[in-house]
Every structure is written in C-alpha cells, then in structure tokens.
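Q: I would like to learn how to read helix packing and empty space in a model of this kind. Could we begin with a pair of helices and then turn to the pockets and cavities?

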Amino acid sequence: MEVGFLGLGIMGKAMASRLLKHGFRVTVWNRTLSKCEELVEQGASIGETPALVVKKCKYTIAMLSDPAAALSVVFDKDGVLEQISEGKGYIDMSTVDAETSSKISEAIIKKGGSFLEAPVSGSKKPAEDGQLIILSAGDKALYEVILPVFDVLGKKSFFLGEVGKGARMKLVVNMIMGSMMNALSEGLCLADKSGLSPQTLLDVLDLGACSNPMFKLKGPAMIESKYPPAFPLKHQQKDMRLALCLGDEHAVSMPIAAASNEAFKKARSHGLGDLDFSAVYEIVKGTAPSGNAA
Ligand SMILES: NC(=O)C1=CN([C@@H]2O[C@H](COP(=O)(O)OP(=O)(O)OC[C@H]3O[C@@H](n4cnc5c(N)ncnc54)[C@H](OP(=O)(O)O)[C@@H]3O)[C@@H](O)[C@H]2O)C=CC1
Ligand SMILES: O=CC(=O)O
C-alpha cells in the first residue's frame, strides 16, 4: 500500500519511518522540507506540497502540531483540498479539538473524499516501537481499509463513532496526563524539601496503587533536571487548553486541570515550551530560568 505522510516532527518522523520499515511505500511532506531527507534515506519519496502528496497517494496521513497547522495544511494554497477527490482518504492523527476535526471532515467529504480522525496516545518511543493507542472516529470504511497501517503504528486501535469522538477522547486522556504530571512534580518537590529522597518516593510509588509507566519513565530524569523532548510541553499546554474549552462547553468544573494549565503556561513563558512536558517540574520547584515563550 502507498501512503502519503504530512508532518515529520517527533511523532511523524517515527511513524513514517516505521511504515517504511514494514514495507509500505511512503511519500512524505514537511513544512520544513529539509526534514524529509532522513526519510528519503530510508526509502521515502518526497511530495513538494500537501496537494502533490494527495495527488499521488490514495491515502494520506497527517501528524501536525495543533489546530492551526491541521487547518493550514488542508485549506491553504497547495493544500490537501486541492487534490482530494472521490476514492481518496485523509487521516488526521494530530491532536486537535473536535471543531477543527469537523471542519476538515466536512470540507474533505464535500470534495468526495473520506475522512478519519485518529489521534494517538503514546509518545516518541511508542511511536518508534509501534505501540501507540489509536483513537479513531469518522468514516468506518476508511478505518477498515487503513487498519493494516494502524496495526504497524499501534498496539490497539479504537473506532469511537462519529467525527469528534476521537478528538474528545484524546483531550480527556491528555487532560488527566497533564494533571498527573503536575501532581508528580509537586510530590517530588515536597519529598525533597521535607528531607525525603525523591528517588525513594519513586520506588514507593512504583510498588503501590498509583504506579504507572509515565512516573517510572519520566521521574528519574526529572530528578536530574533532564527534559529531552518526547512530548513537547507546548503541545501538552495546547491539549490542556483544548480540554478546558471542552469543559467550558459542557459546564464541567475542572479546577485541577485549570491549575495544571496555569503551570504549563508559566513554563512556556519561561521558555520551556520545546522541552519535554515534564519540565513543568522546574516551575513547581521555582527553578525555571527566565526566557522567551515557546
Ligand atoms: N510528541 C508526543 O509525545 C505526542 C504528540 N502528539 C500530538 O501529535 C502532534 C505532533 O506532535 P509532535 O510530532 O510531537 O510535534 P512536533 O512539534 O515535533 O512536530 C510538529 C509538526 O507540525 C508541523 N507544523 C507546525 N506548524 C505547521 C504549519 N503551520 N503548517 C504546516 N506544518 C506545521 C511541523 O513542521 P516543521 O518541521 O516545519 O516545524 C512538524 O512537522 C501534535 O498534535 C501532538 O499534540 C500525540 C501523542 C504524542
Ligand atoms: O499526547 C501525548 C502522549 O504521550 O500521548
């Protein structure tokens, strides 16, 4: 199967590379075109615009930073809409809000194409290892056709119903994850300031009811103030913001998520947006450098 792939950031690069390793023919595009070179070395072809990728491929996947990027790649000049047509499918795996996803879906369907939203849970390493959790919604027939691709990218694919349900599920999950990261940061800080070993805290947590892979993976690096970006903090803050908007729409009070969003915003204002989202620990500790927003 030949697939197009738009967006070669941390996730897109790992996902496209995995598809190549598993025998798919892949045509890639990235806004910064030079980032395509590494994938070309692995066997990919380049499409010089999103429209050219869609023209060439029956199925095109996008993995872009945020709603503005997802909309731009579809609606702007040389975008997906210029070439999408009957018989072609567009699968947007970016984390966006349901409104953005619906706008894209409506435009694609109006041109005769089919649309699936399929945001993922899981970060850089799960993307490299094909261990993502895929939260799809939209065109069921397209879901079934694209399953061989999802089987290479993920350990489990869900089909959640109409467009918007995948986007909303992803935002709820990341709202919980962002709040947990703030709770861990406060716990590590409190342990340290009250004379306990943060590493021993991690060991204790790992044996009990709130043991989880995220604390296990990120905790030791946080103790060493190391935040190599797997999930950039600016994207986690975007997800908290979008989840809070969803809470507004449904009158769901979310004081914990709101406080966590403030901490991520503050981290961005200190220039930590491009680091891993665990860098919010620097804000909790009060040790963040002054810096420019990212
Ligand atoms: N990293 C993670 O752990 C996870 C991320 N996600 C979600 O996946 C998506 C991608 O994340 P990730 O790969 O980490 O992000 P990156 O920041 O590493 O990559 C973002 C990608 O979007 C492109 N982009 C940004 N703005 C535009 C624009 N206006 N027009 C066209 N392209 C644009 C970038 O292009 P360029 O190279 O030119 O800047 C790049 O290809 C996000 O929605 C994120 O929330 C979901 C699960 C896990
Ligand atoms: O969206 C981020 C993730 O780790 O999932």
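A: In this predicted model, helices α1 and α7 are roughly perpendicular to each other, because an angle of 65 to 115 degrees counts as such and their axes cross at roughly 110 degrees. Helix α1 covers residues 10–21 and helix α7 residues 140–153, and their axes come within 9 Å.

Q: Which residues of α1 and α7 make the contact?

A: From α1 come Met-15, Arg-18 and Leu-19, and these meet Val-149, Val-152 and Leu-153 of α7. Sorted by class, the contact of α1 with α7 has five nonpolar residues and one charged residue, with no polar ones.

Q: How should I think about empty space in general, and what is the volume of the second largest pocket?

A: Rolling a probe the size of a water molecule over the atoms shows where empty space is left. Here, the second largest pocket has a volume of about 160 Å³.

Q: Which residues line the second largest pocket, and which elements give two or more of them?

A: The lining consists of Asp-97, Ala-98, Glu-99, Arg-168, Leu-171, Leu-242, Cys-245, Leu-246, Glu-249 and His-250. Two or more residues each are given by α5 (98–110), α8 (165–193) and α11 (233–249), and the largest share, four residues, comes from α11. By class, the lining of this pocket has five nonpolar, one polar and four charged residues. As for domains, at least three lining residues are drawn from each of domain 1 (2–161) and domain 2 (168–285).

Q: Turning to enclosed space, how many cavities of 30 Å³ or more does the structure hold, and what lines the largest cavity?

A: The structure holds two cavities of 30 Å³ or more. The largest cavity, with a volume of about 50 Å³, is lined by Asp-92, Ser-94, Val-96, Ser-101, Glu-117, Pro-119 and Ala-167, a set that divides into three nonpolar, two polar and two charged residues.

Q: Where does the largest share of the lining of the second largest cavity come from?

A: In the second largest cavity, where about 40 Å³ of space lies, the largest share of the lining, three residues, comes from α9. Both α9 (198–207) and α10 (213–223) supply at least two residues of this lining, which is made up of Leu-202, Leu-205, Asp-206, Cys-210, Ser-211, Asn-212, Phe-215 and Lys-216. By class, the lining of the second largest cavity has four nonpolar, two polar and two charged residues.

Conventions. Residues are numbered from 1 along each chain as its sequence is written. Chains are lettered from A and ligands numbered from 1 in the order in which they are written. This is a predicted model: local features need pLDDT of at least 70, side-chain atom pairs count only at pLDDT 80 or more; totals for chains, interfaces and linings use all residues. Side-chain values use heavy atoms; hydrogens and water are left out. Axes are lines fitted to C-alpha atoms, for helices over the stretch in contact, and angles run from 0 to 180 degrees between N-to-C directions. Angles under 35 degrees count as roughly parallel, over 145 as roughly antiparallel, 65 to 115 as roughly perpendicular and the rest as oblique. Contact means heavy atoms within 4.5 Å. Ala, Val, Leu, Ile, Met, Phe, Trp, Tyr, Cys and Pro count as nonpolar, Asp, Glu, Lys and Arg as charged, and the others, Gly among them, as polar. On a 1 Å grid over the protein atoms alone, a cavity is a set of points where a 1.4 Å probe fits but cannot get out, and a pocket is an open set with protein on both sides within 12 Å along at least five of seven lines; lining residues have an atom within 4 Å of a point. Grid points are joined across faces, edges and corners, and a volume is the space filled by probe spheres set on the points. Domain bounds come from an automatic or database domain assignment.
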